[in-house]
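Please open the structure in your viewer and keep the selection tool at hand. This tour proceeds from one selection to the next and states what may be found at each stop.

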Amino acid sequence: MDYEVCRKVWESQVPVQFTLHSNSALGDPLPFYTMLPRYSFLALAVPRVLAYFNRREDGEKIVIDQIWLEASGSPAKMYAPVGVLYDLQNLERDQILEITVKTSSPPPGFVPIDRNAMEAIFMQSIKEADYLKTKAATTNNMQKEEYAQLWRSVTNNNFDEYWTIIQKLMEEKDGKEFDHIPLRVCMKNKPFKQILISSKDKSGSLITIGDAIAQVLEDSAVADPSDFRITSHGIDVPPHTPLIFAAKNMAYPDNFVHIVVVPKL
Amino acid sequence: MLTEQRFHEEIKSFVERMVSEKLNWSLCENGKYAKESHLEQLPDGRIISAEAHVIYNSTYQVPVIWFNYFENNGTPLQFSTVVRDVLQISEEESDASIRTRISHLEHPFLGVLYFNIHPCNTSGLMKELKTDDTYLLPWFSVYGPQIRLRVPTF
(Lines give C-alpha, C1' and ligand atoms only; values in the text may rest on other atoms or scores of the structure.)
Protein backbone atom coordinates (compact mmCIF):
# COMPACT_ATOMS: atom_id res chain seq x y z
CA MET A 1 0.00 0.00 0.00
CA ASP A 2 1.11 3.52 -0.74
CA TYR A 3 0.66 5.76 2.32
CA GLU A 4 0.63 8.98 0.32
CA VAL A 5 -1.95 7.75 -2.19
CA CYS A 6 -4.21 6.38 0.53
CA ARG A 7 -3.95 9.58 2.52
CA LYS A 8 -4.80 11.71 -0.54
CA VAL A 9 -7.80 9.54 -1.34
CA TRP A 10 -8.93 9.76 2.29
CA GLU A 11 -8.57 13.53 2.51
CA SER A 12 -10.46 14.35 -0.63
CA GLN A 13 -13.74 16.16 0.01
CA VAL A 14 -16.61 17.50 -2.08
CA PRO A 15 -18.93 20.49 -1.56
CA VAL A 16 -22.56 19.56 -0.91
CA GLN A 17 -25.68 21.69 -0.62
CA PHE A 18 -28.76 20.34 1.13
CA THR A 19 -32.03 22.11 0.36
CA LEU A 20 -35.23 21.36 2.26
CA HIS A 21 -38.51 21.06 0.35
CA SER A 22 -41.08 20.55 3.07
CA ASN A 23 -44.10 22.54 1.84
CA SER A 24 -44.17 24.14 5.26
CA ALA A 25 -46.53 27.10 5.69
CA LEU A 26 -43.57 29.01 7.14
CA GLY A 27 -41.48 28.45 4.05
CA ASP A 28 -38.26 26.47 4.02
CA PRO A 29 -35.01 27.42 5.75
CA LEU A 30 -31.93 28.44 3.78
CA PRO A 31 -29.88 25.58 2.35
CA PHE A 32 -27.21 23.87 4.43
CA TYR A 33 -23.71 23.87 2.94
CA THR A 34 -20.95 21.49 3.93
CA MET A 35 -17.83 19.71 2.74
CA LEU A 36 -18.11 15.94 2.97
CA PRO A 37 -15.32 13.40 2.68
CA ARG A 38 -15.71 11.37 -0.49
CA TYR A 39 -15.54 8.15 1.52
CA SER A 40 -18.42 9.17 3.80
CA PHE A 41 -22.16 8.58 3.37
CA LEU A 42 -25.21 10.84 3.20
CA ALA A 43 -26.70 8.68 5.95
CA LEU A 44 -24.00 10.00 8.29
CA ALA A 45 -24.49 13.65 7.26
CA VAL A 46 -28.29 13.73 7.43
CA PRO A 47 -28.63 14.02 11.24
CA ARG A 48 -26.49 17.19 11.13
CA VAL A 49 -28.48 18.54 8.19
CA LEU A 50 -31.81 17.93 9.94
CA ALA A 51 -30.53 19.50 13.16
CA TYR A 52 -29.81 22.63 11.12
CA PHE A 53 -33.26 22.60 9.46
CA ASN A 54 -34.93 22.01 12.82
CA ARG A 55 -33.32 24.98 14.56
CA ARG A 56 -36.33 27.26 14.14
CA GLU A 57 -38.38 26.89 17.29
CA ASP A 58 -41.72 27.58 15.66
CA GLY A 59 -41.11 25.27 12.73
CA GLU A 60 -42.19 21.68 12.39
CA LYS A 61 -39.54 19.18 13.39
CA ILE A 62 -38.42 16.97 10.56
CA VAL A 63 -37.37 13.45 11.44
CA ILE A 64 -35.36 11.01 9.38
CA ASP A 65 -38.23 8.55 8.86
CA GLN A 66 -40.22 11.09 6.88
CA ILE A 67 -37.59 12.24 4.41
CA TRP A 68 -36.14 11.12 1.12
CA LEU A 69 -33.23 12.56 -0.83
CA GLU A 70 -33.00 13.58 -4.44
CA ALA A 71 -30.05 14.52 -6.67
CA SER A 72 -30.85 16.06 -10.08
CA GLY A 73 -34.26 14.46 -10.32
CA SER A 74 -33.36 10.96 -9.12
CA PRO A 75 -33.43 9.38 -5.66
CA ALA A 76 -29.99 9.73 -4.01
CA LYS A 77 -28.62 6.59 -2.39
CA MET A 78 -27.97 7.41 1.26
CA TYR A 79 -25.73 4.35 1.59
CA ALA A 80 -23.44 4.94 -1.41
CA PRO A 81 -20.11 6.70 -0.84
CA VAL A 82 -20.51 10.46 -1.28
CA GLY A 83 -17.68 10.44 -3.85
CA VAL A 84 -19.62 7.98 -5.98
CA LEU A 85 -22.78 10.12 -5.85
CA TYR A 86 -20.72 13.16 -6.75
CA ASP A 87 -18.97 11.52 -9.70
CA LEU A 88 -22.28 10.12 -11.01
CA GLN A 89 -23.50 13.70 -11.48
CA ASN A 90 -20.65 14.22 -13.94
CA LEU A 91 -20.14 17.78 -12.65
CA GLU A 92 -17.48 20.27 -13.63
CA ARG A 93 -14.58 20.38 -11.20
CA ASP A 94 -15.49 21.83 -7.77
CA GLN A 95 -19.16 22.27 -8.65
CA ILE A 96 -21.57 21.73 -5.75
CA LEU A 97 -23.44 18.47 -5.38
CA GLU A 98 -27.06 19.55 -4.85
CA ILE A 99 -29.16 17.31 -2.65
CA THR A 100 -32.84 18.04 -2.08
CA VAL A 101 -34.33 16.82 1.19
CA LYS A 102 -38.00 16.07 0.56
CA THR A 103 -40.91 15.22 2.81
CA SER A 104 -43.32 14.33 0.01
CA SER A 105 -44.19 10.69 -0.58
CA PRO A 106 -40.98 8.88 -1.53
CA PRO A 107 -40.32 7.04 -4.79
CA PRO A 108 -40.94 3.27 -4.70
CA GLY A 109 -38.52 1.41 -2.46
CA PHE A 110 -36.77 4.44 -0.93
CA VAL A 111 -35.68 3.59 2.62
CA PRO A 112 -34.22 6.37 4.80
CA ILE A 113 -31.44 4.81 6.84
CA ASP A 114 -29.93 5.79 10.14
CA ARG A 115 -26.39 5.37 11.38
CA ASN A 116 -26.95 1.82 12.66
CA ALA A 117 -28.36 0.60 9.36
CA MET A 118 -25.45 2.32 7.59
CA GLU A 119 -22.98 0.55 9.84
CA ALA A 120 -24.56 -2.82 8.98
CA ILE A 121 -24.31 -2.11 5.24
CA PHE A 122 -20.69 -1.02 5.67
CA MET A 123 -19.77 -4.13 7.66
CA GLN A 124 -21.41 -6.45 5.15
CA SER A 125 -19.33 -4.81 2.42
CA ILE A 126 -16.12 -5.23 4.41
CA LYS A 127 -16.86 -8.91 4.90
CA GLU A 128 -17.80 -9.48 1.28
CA ALA A 129 -14.69 -7.67 0.06
CA ASP A 130 -12.51 -9.78 2.31
CA TYR A 131 -14.25 -12.94 1.16
CA LEU A 132 -13.34 -11.97 -2.39
CA LYS A 133 -9.73 -11.20 -1.45
CA THR A 134 -8.81 -13.88 1.10
CA LYS A 135 -11.90 -16.12 1.46
CA ALA A 136 -12.51 -14.25 4.73
CA ALA A 137 -9.13 -15.30 6.24
CA THR A 138 -8.54 -11.75 7.50
CA THR A 139 -12.02 -10.82 8.75
CA ASN A 140 -12.46 -14.19 10.48
CA ASN A 141 -9.45 -13.31 12.62
CA MET A 142 -10.42 -9.73 13.34
CA GLN A 143 -11.49 -8.76 16.85
CA LYS A 144 -14.83 -7.08 17.47
CA GLU A 145 -12.90 -4.02 18.61
CA GLU A 146 -11.09 -3.82 15.27
CA TYR A 147 -14.40 -3.64 13.37
CA ALA A 148 -15.50 -0.94 15.79
CA GLN A 149 -12.23 0.91 15.25
CA LEU A 150 -12.67 0.83 11.47
CA TRP A 151 -16.23 2.18 11.66
CA ARG A 152 -15.14 4.81 14.20
CA SER A 153 -12.39 6.00 11.88
CA VAL A 154 -15.02 6.58 9.19
CA THR A 155 -17.54 8.32 11.42
CA ASN A 156 -14.89 10.45 13.18
CA ASN A 157 -12.75 11.15 10.11
CA ASN A 158 -9.63 9.74 11.72
CA PHE A 159 -7.04 8.68 9.15
CA ASP A 160 -4.45 7.42 11.64
CA GLU A 161 -6.94 5.00 13.14
CA TYR A 162 -8.04 3.97 9.65
CA TRP A 163 -4.46 3.43 8.47
CA THR A 164 -3.61 0.91 11.20
CA ILE A 165 -6.63 -1.25 10.45
CA ILE A 166 -6.74 -0.90 6.67
CA GLN A 167 -3.19 -2.18 6.28
CA LYS A 168 -4.28 -5.41 7.88
CA LEU A 169 -7.26 -5.72 5.52
CA MET A 170 -5.10 -5.07 2.46
CA GLU A 171 -2.42 -7.54 3.46
CA GLU A 172 -1.98 -10.65 1.36
CA LYS A 173 -2.37 -13.59 3.73
CA ASP A 174 0.71 -15.83 3.98
CA GLY A 175 2.07 -14.43 0.74
CA LYS A 176 -1.02 -15.65 -1.12
CA GLU A 177 -2.29 -13.16 -3.68
CA PHE A 178 -5.88 -11.91 -3.52
CA ASP A 179 -8.28 -14.46 -5.05
CA HIS A 180 -10.57 -11.81 -6.49
CA ILE A 181 -10.79 -8.04 -6.64
CA PRO A 182 -13.69 -6.28 -4.88
CA LEU A 183 -14.97 -4.02 -7.65
CA ARG A 184 -18.29 -2.27 -8.05
CA VAL A 185 -19.18 -0.39 -11.20
CA CYS A 186 -21.74 2.39 -10.86
CA MET A 187 -23.82 3.99 -13.60
CA LYS A 188 -26.53 6.59 -13.17
CA ASN A 189 -29.97 5.32 -12.09
CA LYS A 190 -28.85 1.70 -12.11
CA PRO A 191 -27.98 -0.86 -9.46
CA PHE A 192 -24.22 -1.19 -9.08
CA LYS A 193 -22.67 -4.03 -11.08
CA GLN A 194 -20.30 -6.52 -9.60
CA ILE A 195 -18.47 -9.34 -11.34
CA LEU A 196 -16.19 -12.08 -10.05
CA ILE A 197 -12.80 -11.01 -11.34
CA SER A 198 -9.20 -11.97 -10.45
CA SER A 199 -6.13 -9.76 -10.44
CA LYS A 200 -4.39 -11.88 -13.08
CA ASP A 201 -5.54 -13.75 -16.16
CA LYS A 202 -4.74 -17.39 -16.95
CA SER A 203 -1.39 -16.52 -18.49
CA GLY A 204 -0.40 -14.66 -15.32
CA SER A 205 -0.52 -11.12 -16.66
CA LEU A 206 -2.18 -8.40 -14.63
CA ILE A 207 -5.81 -7.62 -15.41
CA THR A 208 -6.45 -3.90 -15.75
CA ILE A 209 -9.33 -1.59 -14.87
CA GLY A 210 -9.96 -1.22 -18.60
CA ASP A 211 -10.34 -5.00 -19.04
CA ALA A 212 -12.70 -5.22 -16.08
CA ILE A 213 -14.89 -2.32 -17.19
CA ALA A 214 -15.08 -3.70 -20.75
CA GLN A 215 -16.40 -6.94 -19.30
CA VAL A 216 -18.98 -5.21 -17.10
CA LEU A 217 -20.15 -2.94 -19.92
CA GLU A 218 -20.48 -5.91 -22.24
CA ASP A 219 -22.81 -7.54 -19.71
CA SER A 220 -24.84 -4.30 -19.47
CA ALA A 221 -25.12 -4.08 -23.26
CA VAL A 222 -23.68 -0.58 -23.47
CA ALA A 223 -23.42 0.38 -27.13
CA ASP A 224 -19.97 1.93 -27.36
CA PRO A 225 -17.69 1.95 -24.30
CA SER A 226 -15.53 4.67 -25.84
CA ASP A 227 -18.39 7.14 -25.26
CA PHE A 228 -17.85 6.82 -21.51
CA ARG A 229 -15.46 8.15 -18.91
CA ILE A 230 -14.07 5.74 -16.34
CA THR A 231 -13.67 7.65 -13.09
CA SER A 232 -12.96 7.11 -9.42
CA HIS A 233 -12.41 9.70 -6.69
CA GLY A 234 -13.14 12.39 -9.25
CA ILE A 235 -10.34 11.55 -11.64
CA ASP A 236 -10.24 9.71 -14.96
CA VAL A 237 -8.65 6.38 -14.19
CA PRO A 238 -6.03 5.29 -16.75
CA PRO A 239 -7.49 2.08 -18.26
CA HIS A 240 -4.12 0.33 -17.94
CA THR A 241 -4.19 0.63 -14.10
CA PRO A 242 -3.75 -2.91 -12.71
CA LEU A 243 -6.77 -4.04 -10.67
CA ILE A 244 -4.50 -5.08 -7.83
CA PHE A 245 -3.09 -1.55 -7.52
CA ALA A 246 -6.61 -0.12 -7.51
CA ALA A 247 -7.78 -2.64 -4.90
CA LYS A 248 -4.99 -1.72 -2.49
CA ASN A 249 -4.74 2.01 -2.99
CA MET A 250 -8.00 3.29 -4.46
CA ALA A 251 -10.56 1.26 -2.53
CA TYR A 252 -13.11 3.16 -0.47
CA PRO A 253 -13.11 2.26 3.25
CA ASP A 254 -15.80 -0.36 2.53
CA ASN A 255 -12.86 -2.10 0.76
CA PHE A 256 -14.48 -1.99 -2.67
CA VAL A 257 -13.04 -0.13 -5.63
CA HIS A 258 -15.96 1.97 -6.88
CA ILE A 259 -15.64 2.87 -10.54
CA VAL A 260 -18.14 5.39 -11.89
CA VAL A 261 -18.93 5.19 -15.58
CA VAL A 262 -20.46 8.38 -17.02
CA PRO A 263 -21.04 9.71 -20.55
CA LYS A 264 -18.22 11.88 -21.89
CA LEU A 265 -19.12 15.56 -21.61
CA MET B 1 -21.03 -24.08 -3.28
CA LEU B 2 -23.35 -23.77 -6.23
CA THR B 3 -22.24 -22.69 -9.70
CA GLU B 4 -24.21 -19.94 -11.39
CA GLN B 5 -25.06 -22.29 -14.22
CA ARG B 6 -26.51 -24.91 -11.88
CA PHE B 7 -28.47 -22.18 -10.08
CA HIS B 8 -30.09 -21.14 -13.35
CA GLU B 9 -30.89 -24.75 -14.19
CA GLU B 10 -32.37 -25.41 -10.77
CA ILE B 11 -34.30 -22.20 -10.25
CA LYS B 12 -36.85 -23.18 -12.91
CA SER B 13 -37.69 -26.53 -11.33
CA PHE B 14 -37.64 -24.84 -7.92
CA VAL B 15 -40.37 -22.45 -9.02
CA GLU B 16 -42.34 -25.25 -10.69
CA ARG B 17 -42.19 -27.25 -7.47
CA MET B 18 -43.39 -24.27 -5.43
CA VAL B 19 -46.24 -23.59 -7.84
CA SER B 20 -47.30 -27.25 -7.67
CA GLU B 21 -47.59 -26.74 -3.89
CA LYS B 22 -49.90 -23.76 -4.56
CA LEU B 23 -47.25 -21.28 -3.44
CA ASN B 24 -47.10 -17.96 -5.24
CA TRP B 25 -43.64 -18.17 -6.85
CA SER B 26 -42.58 -16.98 -10.31
CA LEU B 27 -39.44 -16.27 -12.34
CA CYS B 28 -38.18 -12.70 -12.94
CA GLU B 29 -35.81 -11.10 -15.47
CA ASN B 30 -35.79 -14.05 -17.88
CA GLY B 31 -35.22 -16.56 -15.11
CA LYS B 32 -32.37 -14.70 -13.41
CA TYR B 33 -34.14 -14.91 -10.06
CA ALA B 34 -37.31 -16.20 -8.42
CA LYS B 35 -39.93 -14.21 -6.58
CA GLU B 36 -42.67 -14.90 -4.05
CA SER B 37 -45.33 -12.55 -2.74
CA HIS B 38 -48.18 -12.78 -0.25
CA LEU B 39 -50.09 -10.71 2.30
CA GLU B 40 -49.56 -10.83 6.04
CA GLN B 41 -51.28 -9.32 9.02
CA LEU B 42 -49.32 -7.49 11.72
CA PRO B 43 -50.20 -7.89 15.42
CA ASP B 44 -51.90 -4.46 15.26
CA GLY B 45 -54.17 -5.63 12.45
CA ARG B 46 -52.46 -3.83 9.56
CA ILE B 47 -52.24 -5.80 6.33
CA ILE B 48 -48.84 -5.70 4.67
CA SER B 49 -47.50 -7.24 1.50
CA ALA B 50 -44.45 -9.47 1.68
CA GLU B 51 -42.00 -10.04 -1.11
CA ALA B 52 -39.11 -12.49 -1.21
CA HIS B 53 -36.56 -13.13 -3.92
CA VAL B 54 -34.05 -15.94 -4.43
CA ILE B 55 -30.98 -14.50 -6.16
CA TYR B 56 -27.57 -15.97 -6.98
CA ASN B 57 -24.61 -14.36 -5.20
CA SER B 58 -21.45 -14.62 -7.28
CA THR B 59 -19.10 -13.71 -4.42
CA TYR B 60 -20.12 -16.52 -2.10
CA GLN B 61 -21.43 -18.70 -4.94
CA VAL B 62 -24.61 -19.50 -3.07
CA PRO B 63 -28.28 -18.46 -3.36
CA VAL B 64 -29.47 -15.62 -1.14
CA ILE B 65 -32.95 -14.64 0.10
CA TRP B 66 -33.76 -10.96 -0.39
CA PHE B 67 -36.99 -9.63 1.09
CA ASN B 68 -39.06 -6.62 1.96
CA TYR B 69 -42.44 -5.83 3.46
CA PHE B 70 -44.59 -2.97 2.25
CA GLU B 71 -47.46 -0.97 3.65
CA ASN B 72 -50.60 -0.41 1.57
CA ASN B 73 -49.14 2.71 -0.01
CA GLY B 74 -45.95 0.91 -1.05
CA THR B 75 -43.70 2.27 1.72
CA PRO B 76 -41.17 -0.35 2.87
CA LEU B 77 -41.44 -1.24 6.56
CA GLN B 78 -38.67 -0.08 8.90
CA PHE B 79 -36.07 -2.47 10.32
CA SER B 80 -37.56 -2.55 13.84
CA THR B 81 -41.09 -3.32 12.56
CA VAL B 82 -39.72 -6.03 10.30
CA VAL B 83 -37.63 -7.87 12.88
CA ARG B 84 -39.93 -7.45 15.90
CA ASP B 85 -43.48 -7.41 14.49
CA VAL B 86 -43.17 -9.44 11.29
CA LEU B 87 -40.32 -11.86 11.98
CA GLN B 88 -41.10 -11.78 15.71
CA ILE B 89 -37.49 -12.06 16.82
CA SER B 90 -37.29 -11.94 20.62
CA GLU B 91 -36.29 -8.66 22.30
CA GLU B 92 -33.56 -10.68 24.01
CA GLU B 93 -31.58 -10.44 20.79
CA SER B 94 -30.30 -6.91 20.20
CA ASP B 95 -30.73 -5.04 16.92
CA ALA B 96 -26.95 -5.09 16.50
CA SER B 97 -26.89 -8.86 16.80
CA ILE B 98 -29.75 -9.32 14.32
CA ARG B 99 -27.96 -7.02 11.89
CA THR B 100 -25.01 -9.42 11.72
CA ARG B 101 -27.28 -11.83 9.82
CA ILE B 102 -30.21 -9.79 8.47
CA SER B 103 -29.72 -6.26 7.14
CA HIS B 104 -30.31 -3.91 4.25
CA LEU B 105 -28.24 -3.97 1.08
CA GLU B 106 -28.77 -2.74 -2.46
CA HIS B 107 -30.89 -5.21 -4.42
CA PRO B 108 -28.80 -6.39 -7.39
CA PHE B 109 -31.64 -6.01 -9.91
CA LEU B 110 -33.90 -3.33 -8.41
CA GLY B 111 -31.17 -0.95 -7.17
CA VAL B 112 -33.01 -0.09 -3.94
CA LEU B 113 -32.50 -1.36 -0.41
CA TYR B 114 -33.90 -4.76 0.43
CA PHE B 115 -33.18 -6.95 3.40
CA ASN B 116 -30.95 -9.95 2.79
CA ILE B 117 -30.11 -12.95 4.91
CA HIS B 118 -26.32 -12.81 4.94
CA PRO B 119 -24.69 -15.47 2.77
CA CYS B 120 -21.37 -15.67 4.64
CA ASN B 121 -22.21 -18.94 6.44
CA THR B 122 -24.32 -20.58 3.75
CA SER B 123 -21.66 -22.63 2.06
CA GLY B 124 -20.38 -24.09 5.35
CA LEU B 125 -23.88 -24.98 6.41
CA MET B 126 -24.75 -26.56 3.08
CA LYS B 127 -21.85 -29.00 3.45
CA GLU B 128 -23.91 -30.65 6.19
CA LEU B 129 -26.85 -31.25 3.87
CA LYS B 130 -27.38 -33.70 1.03
CA THR B 131 -27.40 -31.73 -2.22
CA ASP B 132 -26.81 -34.36 -4.91
CA ASP B 133 -30.25 -34.15 -6.49
CA THR B 134 -31.10 -30.58 -5.70
CA TYR B 135 -29.29 -27.75 -3.96
CA LEU B 136 -32.07 -25.19 -3.82
CA LEU B 137 -34.71 -27.21 -1.98
CA PRO B 138 -32.55 -28.25 1.00
CA TRP B 139 -31.07 -24.74 1.06
CA PHE B 140 -34.54 -23.21 1.07
CA SER B 141 -35.72 -25.54 3.83
CA VAL B 142 -33.06 -23.92 6.05
CA TYR B 143 -33.33 -20.29 4.97
CA GLY B 144 -37.00 -19.93 3.95
CA PRO B 145 -38.41 -20.49 7.46
CA GLN B 146 -36.10 -17.77 8.85
CA ILE B 147 -38.44 -15.26 7.28
CA ARG B 148 -41.48 -17.47 7.75
CA LEU B 149 -41.75 -18.61 4.13
CA ARG B 150 -43.59 -21.85 3.53
CA VAL B 151 -41.44 -24.82 2.59
CA PRO B 152 -42.79 -27.68 0.46
CA THR B 153 -42.76 -31.15 1.93
CA PHE B 154 -40.00 -33.24 0.42
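Which residues line the second largest cavity? The model in view is a predicted one. To find the answer, select Gln124, Lys127 and Glu128 of chain A, and add Asn57, Tyr60, Val64, Trp66, Leu105, Asn116, His118, Pro119 and Cys120 of chain B. The space that these residues line amounts to about 70 Å³. Helix 4 (115-134) of chain A and strand 4 of chain B each supply at least two residues of this lining. The largest share, 3 residues, comes from helix 4 of chain A. By class, the lining has 6 nonpolar, 4 polar and 2 charged residues.

Next, select Cys6(A), Val9(A), Tyr162(A), Asn249(A) and Ala251(A). Among the 15 residues that line the largest cavity, these lie nearest its centre. The volume of the largest cavity is about 130 Å³. Its lining divides into 12 nonpolar residues, 2 polar and 1 charged. At least two lining residues come from each of helix 1, helix 6 and helix 8 (243-249) of chain A. In the whole structure, a search finds 4 cavities of 30 Å³ or more.

Remain in chain A and display its helices. Two packed helices are described by the angle between their axes and the distance between the axes. Select helix 1 (residues 3-11) and helix 6 (residues 159-169) of chain A: their axes are 11 Å apart and the packing angle is about 130°. Helix 1 of chain A is therefore oblique to helix 6 of chain A. The crossing of helix 1 of chain A past helix 6 of chain A is right-handed.

Now replace helix 1 with helix 5 (residues 144-155) of chain A. The axes of helix 5 and helix 6 of chain A come within 9 Å and cross at roughly 125°, so helix 5 of chain A is also oblique to helix 6 of chain A. The crossing of helix 5 and helix 6 of chain A is left-handed.

For the final stop, select Gln194(A), Tyr56(B), Ser58(B), Pro108(B) and Phe109(B). What lies here? The largest pocket holds about 960 Å³ of space, and of its 30 lining residues those five are the closest to its centre. In chain A, the elements that give two or more residues to this lining are strand 7 (193-194) and helix 7 (209-219); in chain B they are helix 1 (4-20), strand 3 (47-57), strand 4 (62-70) and strand 5 (102-106). The lining of the largest pocket has 12 nonpolar, 9 polar and 9 charged residues.

Conventions
Residues are numbered from 1 along each chain as its sequence is written. Chains are lettered from A and ligands numbered from 1 in the order in which they are written. This is a predicted model: local features need pLDDT of at least 70, side-chain atom pairs count only at pLDDT 80 or more; totals for chains, interfaces and linings use all residues. Side-chain values use heavy atoms; hydrogens and water are left out. On a 1 Å grid over the protein atoms alone, a cavity is a set of points where a 1.4 Å probe fits but cannot get out, and a pocket is an open set with protein on both sides within 12 Å along at least five of seven lines; lining residues have an atom within 4 Å of a point. Grid points are joined across faces, edges and corners, and a volume is the space filled by probe spheres set on the points. Helices (H or I, at least four residues) and strands (E, at least two) are DSSP runs, numbered from the N terminus. Ala, Val, Leu, Ile, Met, Phe, Trp, Tyr, Cys and Pro count as nonpolar, Asp, Glu, Lys and Arg as charged, and the others, Gly among them, as polar. Axes are lines fitted to C-alpha atoms, for helices over the stretch in contact, and angles run from 0 to 180 degrees between N-to-C directions. Angles under 35 degrees count as roughly parallel, over 145 as roughly antiparallel, 65 to 115 as roughly perpendicular and the rest as oblique. A crossing is left-handed if the near helix is turned anticlockwise from the far one by less than a right angle, and right-handed if clockwise.
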